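Grab your favourite viewer and work through these short exercises. Each one sets a task and then walks through a solution.

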Amino acid sequence: MDNLIYFDYAATTPVKQEAVNAVTDALRQFGNPSSRYAYARQAAQRVKEDREAVAGAFGCAPAELFFTSCGTESDNWALRRGAELNRRRGKHIVTTSLEHAAVLETCRDLERQGYEVTYLKPERAGRITADQLTAALRPDTVLVSMMLVNNETGVILPVAECVRAVKAADPAILFHCDGVQGFLKTPEPLVRLGADLVAVSGHKVGAPKGIGALYIKKGVRLRPLLAGGGQEEGLRSGTEATAQIAGFAAAVRATMADPDRLERTAAIKEYTLSKVKEAVPKLEIISQGDAPHICAVTLPGYKSEVVVRVLGDRGVCVSSGSACHRGRPSHVFAAMGLPKPWLDGALRLSFSPDSTREEADKLVSALKDAADSLFTTLS
Ligand code: PLP
(Lines give C-alpha, C1' and ligand atoms only; values in the text may rest on other atoms or scores of the structure.)
Protein backbone atom coordinates (compact mmCIF):
# COMPACT_ATOMS: atom_id res chain seq x y z
CA MET A 1 0.00 0.00 0.00
CA ASP A 2 1.34 3.44 -0.91
CA ASN A 3 1.52 6.07 1.82
CA LEU A 4 1.47 3.50 4.57
CA ILE A 5 1.90 5.10 7.99
CA TYR A 6 2.91 2.08 10.01
CA PHE A 7 2.97 2.14 13.83
CA ASP A 8 2.46 -1.55 14.52
CA TYR A 9 6.04 -2.83 14.69
CA ALA A 10 5.23 -5.03 17.69
CA ALA A 11 2.82 -7.01 15.49
CA THR A 12 5.40 -7.51 12.78
CA THR A 13 8.18 -5.62 11.02
CA PRO A 14 8.95 -5.01 7.35
CA VAL A 15 11.44 -7.54 6.01
CA LYS A 16 14.83 -5.81 5.76
CA GLN A 17 16.38 -5.58 2.30
CA GLU A 18 19.42 -7.52 3.55
CA ALA A 19 17.06 -10.31 4.60
CA VAL A 20 15.26 -10.28 1.24
CA ASN A 21 18.64 -10.66 -0.52
CA ALA A 22 19.77 -13.46 1.78
CA VAL A 23 16.45 -15.31 1.42
CA THR A 24 16.65 -15.08 -2.38
CA ASP A 25 20.22 -16.42 -2.39
CA ALA A 26 19.32 -19.27 -0.07
CA LEU A 27 16.27 -20.18 -2.14
CA ARG A 28 18.53 -20.53 -5.18
CA GLN A 29 21.01 -22.67 -3.23
CA PHE A 30 18.41 -25.36 -2.61
CA GLY A 31 20.56 -28.16 -1.17
CA ASN A 32 19.34 -30.07 1.89
CA PRO A 33 21.88 -29.42 4.66
CA SER A 34 21.65 -33.07 5.71
CA SER A 35 22.74 -34.45 2.33
CA ARG A 36 26.34 -35.61 2.06
CA TYR A 37 27.63 -34.17 -1.23
CA ALA A 38 29.53 -30.94 -1.62
CA TYR A 39 26.59 -28.90 -3.00
CA ALA A 40 24.50 -29.63 0.09
CA ARG A 41 27.42 -29.05 2.41
CA GLN A 42 27.41 -25.43 1.23
CA ALA A 43 23.86 -25.15 2.56
CA ALA A 44 24.92 -26.73 5.86
CA GLN A 45 27.87 -24.33 6.09
CA ARG A 46 25.53 -21.42 5.54
CA VAL A 47 23.16 -22.55 8.30
CA LYS A 48 26.19 -22.88 10.58
CA GLU A 49 27.27 -19.28 9.86
CA ASP A 50 23.70 -18.03 10.27
CA ARG A 51 23.39 -19.80 13.63
CA GLU A 52 26.64 -18.13 14.70
CA ALA A 53 25.22 -14.72 13.76
CA VAL A 54 21.96 -15.14 15.69
CA ALA A 55 23.73 -16.76 18.65
CA GLY A 56 26.26 -13.92 18.63
CA ALA A 57 23.49 -11.32 18.95
CA PHE A 58 21.86 -13.39 21.69
CA GLY A 59 25.20 -13.73 23.49
CA CYS A 60 25.22 -17.54 23.64
CA ALA A 61 27.26 -20.33 22.04
CA PRO A 62 25.92 -21.46 18.64
CA ALA A 63 25.37 -24.95 20.13
CA GLU A 64 22.82 -23.43 22.53
CA LEU A 65 20.60 -21.94 19.82
CA PHE A 66 17.99 -24.03 17.96
CA PHE A 67 15.97 -22.77 15.02
CA THR A 68 12.19 -23.28 15.16
CA SER A 69 9.29 -22.12 12.99
CA CYS A 70 8.27 -19.16 15.20
CA GLY A 71 8.16 -17.72 18.71
CA THR A 72 5.00 -19.70 19.40
CA GLU A 73 6.73 -23.01 18.68
CA SER A 74 9.69 -21.99 20.87
CA ASP A 75 7.35 -21.15 23.78
CA ASN A 76 5.42 -24.41 23.33
CA TRP A 77 8.62 -26.45 23.26
CA ALA A 78 10.06 -24.74 26.34
CA LEU A 79 6.89 -25.09 28.40
CA ARG A 80 5.74 -28.56 27.38
CA ARG A 81 9.15 -30.21 27.59
CA GLY A 82 10.41 -27.98 30.39
CA ALA A 83 7.45 -28.92 32.60
CA GLU A 84 8.09 -32.64 32.20
CA LEU A 85 11.83 -32.36 32.82
CA ASN A 86 11.31 -32.35 36.58
CA ARG A 87 8.21 -34.53 36.55
CA ARG A 88 9.19 -36.47 39.64
CA ARG A 89 9.31 -33.29 41.72
CA GLY A 90 5.77 -32.21 40.94
CA LYS A 91 3.43 -30.45 38.56
CA HIS A 92 3.32 -26.81 39.60
CA ILE A 93 4.13 -24.00 37.17
CA VAL A 94 4.32 -20.26 37.86
CA THR A 95 3.75 -17.69 35.12
CA THR A 96 2.14 -14.25 34.83
CA SER A 97 -1.27 -13.21 33.59
CA LEU A 98 0.55 -10.78 31.25
CA GLU A 99 1.99 -13.46 28.98
CA HIS A 100 1.31 -13.83 25.27
CA ALA A 101 -1.21 -16.46 24.16
CA ALA A 102 1.71 -18.66 23.07
CA VAL A 103 2.48 -19.13 26.78
CA LEU A 104 -1.00 -18.76 28.30
CA GLU A 105 -2.73 -21.22 25.97
CA THR A 106 0.09 -23.75 26.44
CA CYS A 107 -0.32 -23.38 30.22
CA ARG A 108 -4.07 -23.96 29.87
CA ASP A 109 -3.33 -27.12 27.91
CA LEU A 110 -0.88 -28.25 30.60
CA GLU A 111 -3.61 -27.64 33.21
CA ARG A 112 -5.83 -30.04 31.26
CA GLN A 113 -2.98 -32.54 31.55
CA GLY A 114 -2.95 -32.26 35.35
CA TYR A 115 -0.50 -29.42 35.96
CA GLU A 116 -1.39 -26.64 38.36
CA VAL A 117 -0.52 -23.15 37.16
CA THR A 118 -0.23 -20.01 39.29
CA TYR A 119 -0.78 -16.81 37.27
CA LEU A 120 0.88 -13.81 38.93
CA LYS A 121 -1.26 -10.67 38.72
CA PRO A 122 0.35 -7.33 37.88
CA GLU A 123 -0.34 -4.09 39.71
CA ARG A 124 -2.00 -1.19 37.87
CA ALA A 125 1.07 -0.26 35.82
CA GLY A 126 1.51 -3.82 34.56
CA ARG A 127 4.48 -4.75 36.73
CA ILE A 128 5.32 -7.94 38.61
CA THR A 129 7.98 -8.18 41.32
CA ALA A 130 10.54 -10.82 42.25
CA ASP A 131 8.97 -10.96 45.74
CA GLN A 132 5.60 -11.86 44.22
CA LEU A 133 7.27 -14.63 42.26
CA THR A 134 9.23 -16.13 45.12
CA ALA A 135 6.12 -16.07 47.34
CA ALA A 136 4.37 -18.26 44.75
CA LEU A 137 7.10 -20.94 44.63
CA ARG A 138 6.33 -24.31 46.24
CA PRO A 139 8.27 -27.51 46.84
CA ASP A 140 6.52 -29.02 43.80
CA THR A 141 7.23 -26.05 41.46
CA VAL A 142 9.01 -27.33 38.36
CA LEU A 143 8.91 -24.39 35.96
CA VAL A 144 8.65 -20.59 35.89
CA SER A 145 7.78 -18.73 32.69
CA MET A 146 8.05 -14.93 32.54
CA MET A 147 8.17 -12.68 29.50
CA LEU A 148 10.84 -9.98 29.18
CA VAL A 149 8.94 -7.22 27.35
CA ASN A 150 5.17 -7.16 27.43
CA ASN A 151 3.88 -6.93 23.88
CA GLU A 152 0.97 -4.62 24.75
CA THR A 153 2.43 -2.21 27.32
CA GLY A 154 6.17 -2.31 26.58
CA VAL A 155 6.79 -2.87 30.31
CA ILE A 156 10.03 -4.74 31.01
CA LEU A 157 9.60 -7.41 33.66
CA PRO A 158 12.54 -7.95 36.07
CA VAL A 159 13.52 -11.31 34.55
CA ALA A 160 17.22 -11.30 35.54
CA GLU A 161 16.32 -10.49 39.15
CA CYS A 162 13.59 -13.14 39.12
CA VAL A 163 15.96 -15.79 37.72
CA ARG A 164 18.40 -15.04 40.56
CA ALA A 165 15.62 -15.18 43.16
CA VAL A 166 14.20 -18.46 41.81
CA LYS A 167 17.61 -20.13 41.54
CA ALA A 168 18.50 -18.96 45.06
CA ALA A 169 15.26 -20.48 46.34
CA ASP A 170 15.73 -23.72 44.38
CA PRO A 171 18.24 -24.22 41.55
CA ALA A 172 16.24 -27.20 40.21
CA ILE A 173 13.36 -25.00 39.06
CA LEU A 174 13.63 -24.38 35.32
CA PHE A 175 13.26 -20.75 34.16
CA HIS A 176 11.80 -19.97 30.73
CA CYS A 177 11.59 -16.45 29.32
CA ASP A 178 9.50 -15.37 26.35
CA GLY A 179 12.03 -12.94 24.88
CA VAL A 180 10.15 -12.35 21.62
CA GLN A 181 9.61 -8.60 22.16
CA GLY A 182 12.96 -8.11 23.90
CA PHE A 183 15.37 -9.57 21.35
CA LEU A 184 17.45 -6.69 19.91
CA LYS A 185 15.06 -4.20 21.59
CA THR A 186 16.83 -4.06 24.95
CA PRO A 187 20.46 -3.03 25.51
CA GLU A 188 21.78 -6.25 27.08
CA PRO A 189 22.22 -9.52 25.16
CA LEU A 190 19.45 -11.86 26.32
CA VAL A 191 21.85 -14.53 27.55
CA ARG A 192 22.58 -12.21 30.50
CA LEU A 193 19.09 -12.80 31.84
CA GLY A 194 20.46 -16.09 33.14
CA ALA A 195 17.30 -18.00 32.14
CA ASP A 196 17.53 -21.68 31.16
CA LEU A 197 15.35 -21.24 28.09
CA VAL A 198 14.53 -18.15 26.00
CA ALA A 199 12.19 -17.91 22.99
CA VAL A 200 12.77 -15.40 20.17
CA SER A 201 11.11 -14.75 16.81
CA GLY A 202 12.44 -13.51 13.47
CA HIS A 203 9.55 -11.44 12.15
CA LYS A 204 9.79 -8.95 15.03
CA VAL A 205 13.32 -8.01 13.94
CA GLY A 206 13.12 -7.59 10.17
CA ALA A 207 13.22 -11.27 9.16
CA PRO A 208 10.47 -13.08 7.27
CA LYS A 209 7.63 -14.74 9.17
CA GLY A 210 8.02 -18.43 9.92
CA ILE A 211 11.35 -18.47 11.75
CA GLY A 212 12.15 -18.40 15.45
CA ALA A 213 14.67 -19.85 17.84
CA LEU A 214 14.91 -21.34 21.28
CA TYR A 215 17.97 -20.78 23.44
CA ILE A 216 18.63 -23.83 25.61
CA LYS A 217 21.33 -23.23 28.20
CA LYS A 218 24.17 -25.76 28.06
CA GLY A 219 23.40 -28.65 30.39
CA VAL A 220 19.58 -28.31 30.24
CA ARG A 221 18.40 -31.64 28.86
CA LEU A 222 15.21 -30.61 27.09
CA ARG A 223 13.58 -33.32 24.99
CA PRO A 224 12.44 -32.47 21.45
CA LEU A 225 8.87 -31.44 20.78
CA LEU A 226 8.79 -32.95 17.28
CA ALA A 227 9.78 -36.50 16.40
CA GLY A 228 11.50 -36.99 13.05
CA GLY A 229 14.80 -36.88 11.25
CA GLY A 230 16.82 -35.49 14.15
CA GLN A 231 17.97 -32.19 12.65
CA GLU A 232 19.29 -29.44 14.96
CA GLU A 233 21.44 -31.91 16.93
CA GLY A 234 18.49 -34.25 17.35
CA LEU A 235 16.44 -31.60 19.16
CA ARG A 236 14.26 -30.06 16.47
CA SER A 237 13.37 -32.35 13.60
CA GLY A 238 12.32 -31.00 10.23
CA THR A 239 14.53 -30.08 7.28
CA GLU A 240 16.17 -26.78 8.14
CA ALA A 241 14.25 -23.79 6.69
CA THR A 242 17.44 -22.58 5.03
CA ALA A 243 15.92 -19.49 3.40
CA GLN A 244 14.13 -18.29 6.53
CA ILE A 245 17.23 -18.97 8.61
CA ALA A 246 19.31 -16.94 6.14
CA GLY A 247 16.76 -14.11 6.36
CA PHE A 248 16.79 -14.22 10.15
CA ALA A 249 20.59 -14.04 10.32
CA ALA A 250 20.77 -11.24 7.74
CA ALA A 251 18.17 -9.20 9.64
CA VAL A 252 20.06 -9.75 12.89
CA ARG A 253 23.38 -8.71 11.32
CA ALA A 254 21.80 -5.56 9.84
CA THR A 255 20.17 -4.69 13.18
CA MET A 256 23.41 -5.17 15.09
CA ALA A 257 25.15 -2.84 12.64
CA ASP A 258 22.85 -0.01 13.79
CA PRO A 259 24.05 0.67 17.34
CA ASP A 260 21.92 3.74 18.14
CA ARG A 261 18.64 2.13 17.03
CA LEU A 262 17.23 1.91 20.57
CA GLU A 263 17.82 5.60 21.27
CA ARG A 264 16.22 6.60 17.96
CA THR A 265 13.21 4.40 18.63
CA ALA A 266 12.76 5.79 22.14
CA ALA A 267 13.08 9.36 20.82
CA ILE A 268 10.34 8.97 18.19
CA LYS A 269 8.03 7.34 20.73
CA GLU A 270 8.58 10.23 23.14
CA TYR A 271 7.94 12.75 20.37
CA THR A 272 4.72 11.00 19.34
CA LEU A 273 3.40 10.78 22.89
CA SER A 274 4.06 14.44 23.62
CA LYS A 275 2.44 15.56 20.34
CA VAL A 276 -0.60 13.33 20.76
CA LYS A 277 -1.20 14.48 24.35
CA GLU A 278 -1.14 18.07 23.13
CA ALA A 279 -3.44 17.48 20.13
CA VAL A 280 -5.88 15.06 21.77
CA PRO A 281 -6.26 16.06 25.43
CA LYS A 282 -8.78 13.29 26.14
CA LEU A 283 -6.26 10.63 25.18
CA GLU A 284 -4.72 8.97 28.25
CA ILE A 285 -1.43 7.11 28.44
CA ILE A 286 -1.81 3.58 29.83
CA SER A 287 1.89 2.79 29.65
CA GLN A 288 4.84 4.70 28.23
CA GLY A 289 6.67 1.37 27.99
CA ASP A 290 10.19 0.73 29.26
CA ALA A 291 11.18 -0.91 25.99
CA PRO A 292 11.81 1.73 23.34
CA HIS A 293 9.36 0.43 20.74
CA ILE A 294 6.01 -0.03 22.51
CA CYS A 295 3.52 2.13 24.39
CA ALA A 296 -0.19 1.88 25.14
CA VAL A 297 -2.74 4.72 25.13
CA THR A 298 -6.49 4.92 25.36
CA LEU A 299 -9.35 7.07 24.15
CA PRO A 300 -11.67 6.32 27.08
CA GLY A 301 -15.16 5.30 26.00
CA TYR A 302 -14.33 4.94 22.32
CA LYS A 303 -14.34 1.55 20.62
CA SER A 304 -10.73 0.82 19.75
CA GLU A 305 -11.67 -1.55 16.88
CA VAL A 306 -13.57 1.33 15.26
CA VAL A 307 -10.68 3.76 15.80
CA VAL A 308 -8.26 1.19 14.32
CA ARG A 309 -10.51 0.75 11.27
CA VAL A 310 -10.97 4.51 10.72
CA LEU A 311 -7.22 5.07 11.00
CA GLY A 312 -6.62 2.08 8.73
CA ASP A 313 -8.81 3.66 6.04
CA ARG A 314 -6.32 6.54 6.00
CA GLY A 315 -3.39 4.13 5.74
CA VAL A 316 -2.46 4.56 9.41
CA CYS A 317 -1.77 1.21 11.07
CA VAL A 318 -1.99 0.82 14.87
CA SER A 319 -3.29 -2.01 16.95
CA SER A 320 -6.13 -2.34 19.45
CA GLY A 321 -4.04 -4.03 22.12
CA SER A 322 -2.34 -7.08 20.68
CA ALA A 323 -2.97 -8.16 17.07
CA CYS A 324 -3.41 -11.69 18.40
CA HIS A 325 -6.71 -11.52 20.23
CA ARG A 326 -9.08 -10.65 17.44
CA GLY A 327 -11.49 -8.15 18.89
CA ARG A 328 -11.60 -9.51 22.44
CA PRO A 329 -10.61 -7.03 25.17
CA SER A 330 -6.95 -7.33 26.02
CA HIS A 331 -6.28 -9.79 28.85
CA VAL A 332 -3.21 -7.72 29.73
CA PHE A 333 -5.10 -4.45 30.23
CA ALA A 334 -7.87 -6.36 32.04
CA ALA A 335 -5.29 -7.95 34.38
CA MET A 336 -3.98 -4.45 35.13
CA GLY A 337 -7.48 -3.57 36.38
CA LEU A 338 -8.17 -0.74 33.91
CA PRO A 339 -11.70 0.67 34.06
CA LYS A 340 -14.04 -0.45 31.25
CA PRO A 341 -13.98 2.81 29.23
CA TRP A 342 -10.16 2.64 29.24
CA LEU A 343 -10.23 -1.03 28.16
CA ASP A 344 -12.66 -0.24 25.35
CA GLY A 345 -10.51 2.53 23.91
CA ALA A 346 -7.07 0.94 24.35
CA LEU A 347 -4.58 1.24 21.49
CA ARG A 348 -1.04 -0.01 21.12
CA LEU A 349 1.41 2.18 19.24
CA SER A 350 4.71 0.59 18.31
CA PHE A 351 7.75 2.09 16.66
CA SER A 352 10.89 1.38 14.66
CA PRO A 353 14.20 3.26 14.62
CA ASP A 354 13.23 4.42 11.13
CA SER A 355 9.84 5.89 12.13
CA THR A 356 9.90 9.59 11.24
CA ARG A 357 8.42 12.75 12.79
CA GLU A 358 6.45 13.30 9.60
CA GLU A 359 4.81 9.89 10.03
CA ALA A 360 4.22 10.60 13.72
CA ASP A 361 2.52 13.91 12.83
CA LYS A 362 0.19 12.04 10.44
CA LEU A 363 -0.64 9.52 13.14
CA VAL A 364 -1.40 12.32 15.59
CA SER A 365 -3.66 14.14 13.14
CA ALA A 366 -5.51 10.89 12.29
CA LEU A 367 -6.04 10.23 16.01
CA LYS A 368 -7.28 13.78 16.54
CA ASP A 369 -9.75 13.48 13.65
CA ALA A 370 -10.99 10.10 14.95
CA ALA A 371 -11.48 11.49 18.46
CA ASP A 372 -13.33 14.53 17.06
CA SER A 373 -15.56 12.62 14.66
CA LEU A 374 -16.42 9.36 16.42
CA PHE A 375 -18.89 8.96 19.25
CA THR A 376 -18.03 7.67 22.70
CA THR A 377 -20.15 5.52 24.97
CA LEU A 378 -19.55 8.13 27.69
CA SER A 379 -21.56 11.38 28.12
N1 PLP B 1 5.46 -13.89 22.47
C2 PLP B 1 5.26 -12.57 22.35
C3 PLP B 1 5.53 -11.68 23.53
C4 PLP B 1 4.81 -12.03 21.15
O5 PLP B 1 4.60 -10.70 21.04
C6 PLP B 1 4.57 -12.90 20.05
C7 PLP B 1 4.01 -12.38 18.78
O8 PLP B 1 3.31 -11.39 18.76
C9 PLP B 1 4.81 -14.28 20.24
C10 PLP B 1 5.26 -14.73 21.45
C11 PLP B 1 4.58 -15.24 19.11
O12 PLP B 1 5.61 -15.16 18.15
P13 PLP B 1 5.34 -15.70 16.66
O14 PLP B 1 4.45 -14.72 16.00
O15 PLP B 1 6.72 -15.76 16.04
O16 PLP B 1 4.75 -17.06 16.80
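Before you start, one cut-off: a residue is buried under 20% relative accessible area, exposed over 50%, and partly exposed in between. Keep in mind, too, that this is a predicted model.

**Exercise 1.** Work out whether R89 is buried or exposed, or in between, and find its salt-bridge partner.

*Solution.* Start with the area: R89 has a relative accessible area of 27%, so it counts as partly exposed. Next, look at the side chain, which meets that of D170 in a salt bridge, 2.7 Å from N to O. Finally, place the two: R89 is in the loop between α3 and β3 (92-96), while D170 is in the loop between α6 (159-169) and β6 (174-178). That pair links distant parts of the chain, 81 residues apart.

**Exercise 2.** Set the salt bridge of R223 and E84 beside the one between R108 and E105, and say where the partners of each lie.

*Solution.* Take R223 and E84 to begin with: their side chains meet at 3.0 Å, N to O. R223 lies in the loop between β8 (212-216) and α7, and E84 in helix α3, so this bridge ties together parts 139 residues apart in sequence. R223 is partly exposed at 46%, whereas E84 is buried at 15%.

Now turn to R108 and E105, whose closest N and O atoms are 3.1 Å apart. Both sit in helix α4 (residues 101-112), and because they are 3 residues apart, about one helical turn separates them. R108 comes out partly exposed at 33%, and E105 is partly exposed at 44%.

**Exercise 3.** Describe how the ligand is held, from its shell down to single atoms.

*Solution.* Count the shell: 13 residues surround the ligand, with G71, T72, D178, S201 and K204 the closest. Sort them by type and you get 3 nonpolar, 7 polar and 3 charged. Helix α3 (residues 71-85) gives the largest share, 3 residues. Then zoom in on ligand oxygen atoms: one is 2.6 Å from an N or O atom in the S201 side chain, and a polar side-chain atom of K204 lies 2.6 Å from a ligand oxygen. Last, check the cover: the ligand alone exposes 390 Å², and the protein buries 91% of that.

**Exercise 4.** Which residues does T255 touch, leaving out those up to four places away in sequence?

*Solution.* Find T255 in helix α7 (residues 242-256). It is buried, at 8% relative accessible area. T255 touches K16, L184, V205 and R261. Its side chain also has a polar atom 2.7 Å from the backbone oxygen of A251.

Key:
Residues are numbered from 1 along each chain as its sequence is written. This is a predicted model: local features need pLDDT of at least 70, side-chain atom pairs count only at pLDDT 80 or more; totals for chains, interfaces and linings use all residues. Side-chain values use heavy atoms; hydrogens and water are left out. Helices (H or I, at least four residues) and strands (E, at least two) are DSSP runs, numbered from the N terminus. Buried means under 20% relative accessible area, exposed over 50%, partly exposed in between (1.4 Å probe, protein chains only). A polar contact is a pair of N or O atoms within 3.5 Å; within protein, one must be able to donate a hydrogen and the other to accept it, and residues adjacent in sequence count only if both atoms are side-chain atoms. Contact means heavy atoms within 4.5 Å. A residue is near a molecule or strand if one of its heavy atoms lies within 4 Å of it. Accessible areas come from the Shrake-Rupley method with a 1.4 Å probe; for residues, only the protein chains shown count as cover. Ala, Val, Leu, Ile, Met, Phe, Trp, Tyr, Cys and Pro count as nonpolar, Asp, Glu, Lys and Arg as charged, and the others, Gly among them, as polar. A salt bridge is a side-chain nitrogen of Lys or Arg within 4 Å of a carboxyl oxygen of Asp or Glu.
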